Each structure stands twice: as structure tokens, then as C-alpha cells.
Amino acid sequence: MSDLRARYRDVRALTAELAAPLAPEDMVVQSMPDVSPTKWHLAHTTWFFETFVLAKALPGYEPLDPAYAVLFNSYYNTVGEQFPRPRRGLLSRPTVAEVQAYRAHVDAKMEAAFDAGLDEALAAVVEVGCHHEEQHQELLLTDIKHVFAQNPLHPRYLPALEDGPRESPTPSWCSYEEGVREIGFAGEGFHFDNEGPRHRVFLDAFEIASRPVTCGDWLAFMEDGGYAKHALWHSEGWAAVHEQGWEAPGYWKRDGDGWKVFTLRGLRPVDPAEPVAHVSWFEASAYAEWAGARLPPEAEWEGAAADAGADGAFVDDRRFHPAPTRDGALHGMFGDTWEWTASPYVPYPGYRPLPGALGEYNGKFMANQYVLRGGACTTRRAHVRPTYRNFFPSTARWQLSGLRLAR
């Protein structure tokens, strides 16, 4: 139990650290329906522990404010109604100070719950809650990046990075023979329900690129008219190019004859050696078509990940931006940017959601989404695994989504 208490404290402390550079005015803005205000993330992750742990762990526990059960419930229909997601930015009350007080209140009650002792079932829920909060730490960062990007002052979350542009290393191909492989989580340790059951798949022989696609690669795609060649694009993607005015990855801005990219550390010149980020699945697929390759299905990606070389940047490094790629076999499969796969987000054979409210965590979203793998510079290093399945709609660009080619 002491290890679980330490884990809880560590996760909650990192959330507080990530919010610390922000002013209260920053924490209340919702820049689009998919983005939530920082204040809401702070409250929702607290509501999770109050609702799913304290209500059962401490006899007679009363919520700090019954209204929070609606305001900060994300999508758990099992436990009641929710305030509409696109309107979270209208919640000027409770104030940031009141939300911080809510966090302190629940943290103190959680200490009492640890002192009293948690049964095995509740301890498992605390572990889920810690991983859930780590997911919201990532959302906190990507959401405030989108908020800041709307501001013509180009505010910085943290001071600018000192490093400058460099050349992108030449990629190579890593080869794998055909055969039956097993994918999905197996063994001890935490995993989300969507990572299993472990099962067999047959893979034809394939090759996967030694590094992710870089900004330098993407500049070549743009210079060759990649956003203007309809034959490269799926129909829905081609429509999005015109409807959304895509001509470059998200957060890229013209700077004379060149490009700059908005980051959590302000505007900086596009670095050709960095993995490209903030591209949709449609853009990733169009680039792969242009490059004479394809996106890897998640089974290929997971099979290759066992041989992964050096990691990229994680939130642990406090860089908050992808690091330049380096030479070497299968560099950066973990960290820097999430990597789109060719796989729709569907259940594995034999998958069954968890019982109760936590069964709404993953299974209900297994439609109209694509799988991403590997984590990003906004992800905790210990949070990701080779079997971890992230997922977003095919048009999503505000997350740190990139790609790695296969053939």
C-alpha cells in the first residue's frame, strides 16, 4: 500500500507542476470543443478519485460539492449526467482557487483512505486513476498549446529552447520475415483493457523505417505539391484539406520564404531533423502514398517495437517538444510524437469491457478512430508500453501525432 500511496502522490504532484507556469486566466480558456480548460482537467482528475475511490473507501463520505458530480464528469453515463463538453469554457465558477482547494481536499481524504487500508479492488481503481491522470497531464499540455496558439502574442508556456535547426539523418529500412506473431499485453503489471487479450496474427514480410518522418521530409512533400495532389488523398481527407485550409502541419506558420512552428516554448524555426508533429491520419496516409510506402498496421508496429533503439523525448525530460532524430535502428519509436498506424481502433478478438463505470473507459470509443502508438514528448516515459493503444479521429491534429513509414 505504501508503494501505491507514493505513486498517487507522485502523479498528483506532477499535475500540479505542469499547471504551475499558467496564470488563472490561462486555465479557463476553451479554444475549441476538443480542448478542455486546464481548470477542468485539474477538477476532473480529482472527481475521478472522489467518485470511484473515496465514495467507497470512507464510510459516510460526502462530496465536497454535489454540483461537481455533473460539472466534472466527462462521459461516464453509469454515474450520472455530464455538463456538455463543448461548453466547459463557460464554467467561470468554480474558480481556479476553488478547484485547487478541491484537489487539496480530495488529496487529504485519499491519505485517510490509504491510512485505513484499501481492498484489492479499490487499489486497482486507484492505479487506473493514476494512469487516467497521466493521460490528462498530456491533454493539459496539448490543450494549453492549442489555447496559446490562438493568441497573436504567441505566449510561451516555458522559455525558448536553445538548440537550433540541423540536418535530418537519412532513414534506412528494418526488415522482418513473414510469420505468426502474438500481440497484446501479457504478464504482470498494469495495462488498459483495450490492450488485450493477447492473440496471434499472421504478418507478411515487411519493412519499417528506422526513424519517424521528419519536418525535412515533410517540407519536401509540401514543395512537391503534396497538399494539391488529390490522387494522394482519401476523399474525406481531400475534403478536409479544402474545408480546413490545410497547407502544412498544425502550428506551422509562414515566415517569409520559410516556416516557423508554434511550440509550448514559443515560435521557433522548423527544424528539418525533428519528427513532424500535428498531422492528421489523412495527412499521414497521403504522405505515405507520396513516398511510395504506407502506414504500418499496429501489429507490424508492435512487432518492430521489440527491437526499438533509443527513445525520444518524454515529459520526464521537460523539453515539451520533439527532439531531433538520430541515426540508428528504429530510433524514437517511443517518445517525441505518437505514430499513426493503418489500423482502425477496434476490439481485439475476445475483448470484453470491464464491468461497471470503468467499462466506459475504452470500449465505447471503438468506432471511427485510428490507433497511434509509442507516446510523445508530452507523455510520461513509464506510462507507455509496446502494447499501449492510443486513438484519435482521422482528422485530429492538435495532438502530437506523427508517423513512421512501412512497406
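How many of the 30 residues of helix 5 are buried? In this predicted model, the count is 24, and helix 5 is thus described as mostly covered. The helix runs from residue 120 to residue 149 and reaches 44 Å from its first C-alpha to its last, close to the 44 Å expected at 1.5 Å a residue. A handy reminder for reading such an element is that an α-helix has 3.6 residues a turn, so residues three or four places apart point the same way. At the start of helix 5, Asp119 places a side-chain oxygen within 3.2 Å of the backbone nitrogen of Ala121.

Attention turns next to Arg373, which lies in strand 9, residues 370-373. Arg373 is buried, its relative accessible area being 0%. Its side chain has polar partners there: one polar contact, of 3.1 Å, is made with the side chain of Glu302, and another, of 3.2 Å, with the side chain of Tyr348. Beyond its neighbours within four places in sequence, Arg373 is in contact with a set of residues that includes Glu298, Trp301, Thr337, Trp338, Glu339 and Thr341. Pro386, Thr387, Tyr388 and Arg389 are also among the contacts of Arg373.

The cysteines complete the picture. The structure holds zero disulfides. For Cys215, the closest cysteine sulfur belongs to Cys377 and is 12 Å away, so the two are too far apart for a bond. Cys377 is likewise in no disulfide, with the sulfur of Cys215 as its nearest cysteine sulfur. Cys215 counts as buried at 5% relative accessibility, and Cys377 counts as buried at 0%.

Definitions and conventions:
Residues numbered from 1 in each chain as written. Predicted model: local features only at pLDDT ≥ 70, side-chain atom pairs only at ≥ 80, totals over all residues. Heavy atoms only, no water. Helix = DSSP H or I, 4+ residues; strand = E, 2+ residues; numbered from the N terminus. Expected span 1.5 Å × (residues − 1). Buried < 20%, exposed > 50% of the residue type's maximum accessible area, 1.4 Å probe, protein only. Polar contact = N/O pair within 3.5 Å; in protein donor to acceptor, adjacent residues only side chain to side chain. Contact = heavy atoms within 4.5 Å. Disulfide = S-S within 2.5 Å.
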